[in-house]
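Thanks for coming. I will go through one structure today, starting with the ligands and then moving to sheets and aromatic rings.

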Amino acid sequence: MLGITVDGIIQEARAEERLIDVINRTGNEVPQVCYHPQLGPVQTCDTCMVEVDGSLVRACATTVSPGMSVITNSVAANDARREAFDRVLSNHLLYCTVCDNNNGNCTVHNTTKLLAVEHQEIPFRPKPYEVDDTNPFYRYDPDQCLLCGRCVEACQNVEVNETLSINWEDPNPRVLWDGGSTIGESSCVSCGHCVTVCPCNALMEKSMLGHAGFLTALPKRALKGMIDVVKGIEPEAGYGTILRVSEAEEGMRESRIRRTKTVCTYCGVGCSFDVWTKDRHILKVEPGEGPANGISTCIKGKFAWDHINSKDRLTTPLIREGDKFREATWDEALSLVARRLAEIKAKNGPDSIGLISSSKCTNEESYLMQKLARAVIGTNNIDNCSRYCQAPATAGLFRTVGYGGDSGSITDIAQADLVLIVGSNTAESHPVLATRVKRAHKLHGQKLIVADLREHEMARRADLFLHPQPGTDLVWLSAVSRYLIDNGLAKTFFIDKWVKGFEEYRKSLEPFTLDAAAERCGLSVDSLKKVAHMIADAEKVCILWAMGVTQHSHGSDTSTAISNLLLLTGNYMRPGTGAYPLRGHNNVQGASDLGSMPNNLPGYQSVDDPHVRSRFEAAWKVPLPKTRGLDNHQMVDAIHEGKLKAMYLVGEEMSIVDSNANYVSDAFSRLEFFVVQDIFFSVTCGYADVVLPASPSLEKEGTFTSTERRIQRLYEVLEPLEGSRPDWRIIQDVANQLDAEWQYQHPSEIMAEVASLTPMFAGVSYEKLEKYKSLQWPVAADGSDQPLLYTKEFAFPDGKARLFPLRWAETPEQPDAEFDLHLNNGRLLEHFHEGNLTYRTIGIQEKTPDTFVEVSPELAAERRIQDGTWVRLTSRYGKVRVRALVTDRVHGNELYMPMNSVESPINRLTSSHTDAVTNTPAYKETSVNMMVLPEVGESPLPRTNSRWGHPTPQRGVEVERKWLRSDYHIPGPELVQIQPRQAR
Ligand code: SF4
Ligand code: SF4
Ligand code: SF4
Ligand code: FES
């Protein structure tokens, strides 16, 4: 800390702190149009001028130094600020009363008021450009644009999509997309960063326009008339009067606009934000304070919410009658569910029933599902979809370090010197987390290695891209480990102190020579040596991995190999290091944490541990089943074998997201009784006997746990749509129909029960999670959490980690003469999974209307395929018809199919092979043949998809180019000194 003087009063400041932040802390109101704390100094507006030791400086770009003397209210500083803001205003037509941005947080409005501007010295000058309306989610109005460059900074250096720039040299500068494209045909990924940080109405969500204000829904001509009226009274009345009128209107808005905090319902990054609503209309999503995301979102979190008010929502329970369903009352449906479950249990025993919880549901709902299974029905047949993706990563970490979760936070990933990404299309599957890597790589010299079959965005950005043969990651990871040991590059001091099993592990590496690995993986020895040396040279290494690793027949072993490599190189126990299996669904981490697993009660407490069981039995007042139950893969087999007769499935499109979908669907049609709970009539609902209408995340309270083990609260944004109910209420209703007598009035009571029974959650309470507060498990009884795991020891009784020996075996599903191509699959940025939620957002449907198969240019040339050619893919398990997209993202005989399709789901092609340890399907090991069909359609990717765009990377807003304009001078009296731009 150091001391500076602000307006004669001594203030404490942190070394290197920005002066503007210190001034803001004092409560002294200095204008700051272009400054946003999460963007850093952009320096385009000059409205933050203050005097420091006799010179005028931009407060945003000045870092404090000991003894600095700051005067904020000198005549020179005030004059400079007024002049600067006058220039800003000349870019903006001020008509607050009829503006949808008049919500109390408009920087232009508030600065006009702060500076008591009555009239502009420099009149407003319209720009010779049309409004750009070509993106489905937001629009740009050049006449409202201040040229502050916040949007450019956000796009270039936070989102790092590098779409935006400002043409400073042009006589009429404006914001440009891809250097001059329309927004709709640019590389813009609709993440919304630019819209979120825009300080005025130049960039606005279309869902706000005409909806936020009382007078803004007027027809265009009438609205223009109103704007003319506002401008007409300005010369006589001044802005003060106009602002007072607009503030009265703003006050009226407050009574009808609600701002409610929630957590994103899509991926596991855990972005949180306020949702603005007017009745049931969603005005906008406003990120800002989220601990994982700050101002960041991706297209889904920012804009993909049309499913909430979709006319397709289920609003009444349905009961099967023959081949049809009829509507039923809740009482009738619930009593039928209870009666049939009780009958089947009485006849066949509790283990003839299986329950599947949802990773889209809250922690509290997952807890109730497993309690319903164990304490009410009496079976451990309970699982969740982490079986399909995350279980192998969890197993690999349990084997080596003890906890099945990310070993640090997203901030650790950003701090690493080297990030290694294996089998993860991070920029599309975990977009906001990817921005932190892209930013660190672009601005802070972080190194990036990517190993993947596809040359996706992260691969293209990488310093080193490895393209191993499908399914061989374990081999090259182990070879790199062996090379590190053989060449004295392992961190022996760390191993000696913290790790057991070194000798046995070292022996297990014997077959993994560089030469053998290079041959099996199709990589060069040099590239493997380079990986090893980059890891050895880096002080802090994080490894990120996802389904490209886990969805293989040795996904657990490859996850283990990753953790072994980190242990070997001492990359645990320090900030900026560690293992990061990226969790797919918003609450896939929480679904397992809360015990929706066949072998574990909440908090990974084993069902076969009598002490654990007796604690739960005492609390729940029932005896509990002692042996592990069936996982969801085994449940499907058990249905085919006639052992599992009934199933209660919540929020899972299991009939098409489980692998070998034809086999799974066939199983569902054999069930004696099947209950499906969802918000839409999914494909899986088609097999049900009873369908129960649930509420989506915006209509309930609870908590989600993100990939960084972060527990966050979501609040009820909207009341449940009439006829639907939050899942926790429905599960309780089912339990009570089965005489459970649960009496939870609010999810906080469920969490209190969790905390009392689960050491990992001992200190979790809703009070500690108020608003944007969060906790990263394990949470001790005193409420202290662990953003970084393993600071004192590893999670084994002796505190030591384990190196786990591994062996390599070929994967069972290999291409042959009949099935000659390898088919990979995964997510697309715009859609979540099969798309049941995201297809309901019209703008997403426009940009990404269908799935497709990516074909390499070489294979396309050989088979005479072009964009839009229809092909039939046939595997050993099924077939689909799909259009081709020719792209160099894939190579040779490798195909890629995104999973966003209900009509042609990838899982009609995938097999029933699984990871030996966890039964996770080997989705990524599929061999197919491809028949070229005679029809050629449109390209499956419309021209408005961002993948056709041409980004324009630059260092940021490049304000220096503005300062070189002949019409630019620093505002205020002459002989000012401006400090040079600060490094970020
Ligand atoms: S990608 Fe598009 S929405 Fe995202 S910040 Fe850039 S221009 Fe804005
Ligand atoms: S569009 Fe960009 S440059 Fe224009 S006012 Fe908004 S943030 Fe500033
Ligand atoms: S989908 Fe993931 S990255 Fe996108 S806003 Fe939601 S949580 Fe964030
Ligand atoms: S706030 Fe714009 S230059 Fe400082």
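A residue is counted as near a molecule if one of its heavy atoms lies within 4 Å of it. Keep in mind that this is a predicted model.

With that cut-off, ligand 3 is surrounded by Cys 264, Tyr 266, Cys 267, Val 269, Gly 270, Cys 271, Cys 298, Lys 300, Gly 301, Pro 431 and Val 432. Two helices, H7 (299-303) and H13 (431-443), each supply at least two residues of that shell. By class, the shell around ligand 3 has 8 nonpolar, 2 polar and 1 charged residues. Cys counts as nonpolar and Gly as polar here.

Ligand 2 has 14 residues around it, and the closest are Cys 145, Cys 148, Gly 149, Cys 151 and Cys 198. The class split for ligand 2 is 12 nonpolar, 1 polar and 1 charged.

For ligand 1, the surrounding residues include Cys 155, Cys 188, Cys 191 and Cys 194. Tyr 138, Trp 177 and His 193 are also among them. How many charged residues are in the shell around ligand 1? There are no charged residues in it; the shell has 8 nonpolar and 4 polar.

Next, the sheets. Five strands form an open sheet with mixed pairing, in the order E2-E1-E5-E3-E4. Strands E2 (9-13) and E4 (55-58) are at the edges with a single partner strand each, so one side of each has no neighbour in the sheet. From one strand to the next, the twist averages 40°. At the E4 edge, strand E3 (residues 49-52) pairs with E4 in the antiparallel sense over 4 bridges, and Val 50 stands opposite Val 57 in E4.

Two helices pack on this sheet. Helix H1 (residues 19-26) touches strand E1 (2-6), E2, E3 and strand E5 (69-71), and its direction makes about 120° with that of E2. Helix H2 (residues 75-89) touches E3 and E4, and its direction makes about 155° with that of E3.

Further along the chain is strand E37 (residues 926-936). E37 pairs with strand E32 (residues 821-826) in the antiparallel sense over 3 bridges, with Val 928 in E37 as the bridge partner of Leu 821. Strand E34 (residues 869-875) also pairs with E37 in the antiparallel sense, over 6 bridges. There, the bridge partner of Val 871 is Val 932 in E37.

Last, the aromatic rings. The count of aromatic pairs comes to 20. In one of them, the ring centres of Phe 273 and Trp 305 are 6.2 Å apart and the planes are at 80°; angles over 60 degrees count as edge-to-face, so that is the class of this pair. Phe 273 is in strand E11 (residues 272-278) and Trp 305 in the loop between H7 and strand E13 (318-321), 32 residues apart. Both Phe 273 and Trp 305 are buried.

Trp 498 and Phe 794 also form an edge-to-face pair, at 6.3 Å centre to centre and 70° between the planes. Why does this pair tie together parts that are 296 residues apart in sequence? Because Trp 498 lies in helix H16 (residues 492-498), while Phe 794 lies in the loop between strand E30 (774-776) and strand E31 (801-802). Trp 498 has a relative accessible area of 19%, which is under 20%, so Trp 498 counts as buried. Phe 794 is buried as well, at 1%. Ring pairs link both of these residues into a cluster with Tyr 403, Phe 494, Tyr 572, Trp 777 and Tyr 790.

Technical notes:
Residues are numbered from 1 along each chain as its sequence is written. Chains are lettered from A and ligands numbered from 1 in the order in which they are written. This is a predicted model: local features need pLDDT of at least 70, side-chain atom pairs count only at pLDDT 80 or more; totals for chains, interfaces and linings use all residues. Side-chain values use heavy atoms; hydrogens and water are left out. Two strands pair if DSSP finds at least two bridges between them. Axes are lines fitted to C-alpha atoms, for helices over the stretch in contact, and angles run from 0 to 180 degrees between N-to-C directions. Contact means heavy atoms within 4.5 Å. Rings of Phe, Tyr and Trp (its six-membered ring) pair if their centres lie within 6.5 Å; planes under 30 degrees apart count as stacked, over 60 as edge-to-face and the rest as tilted. Buried means under 20% relative accessible area, exposed over 50%, partly exposed in between (1.4 Å probe, protein chains only).
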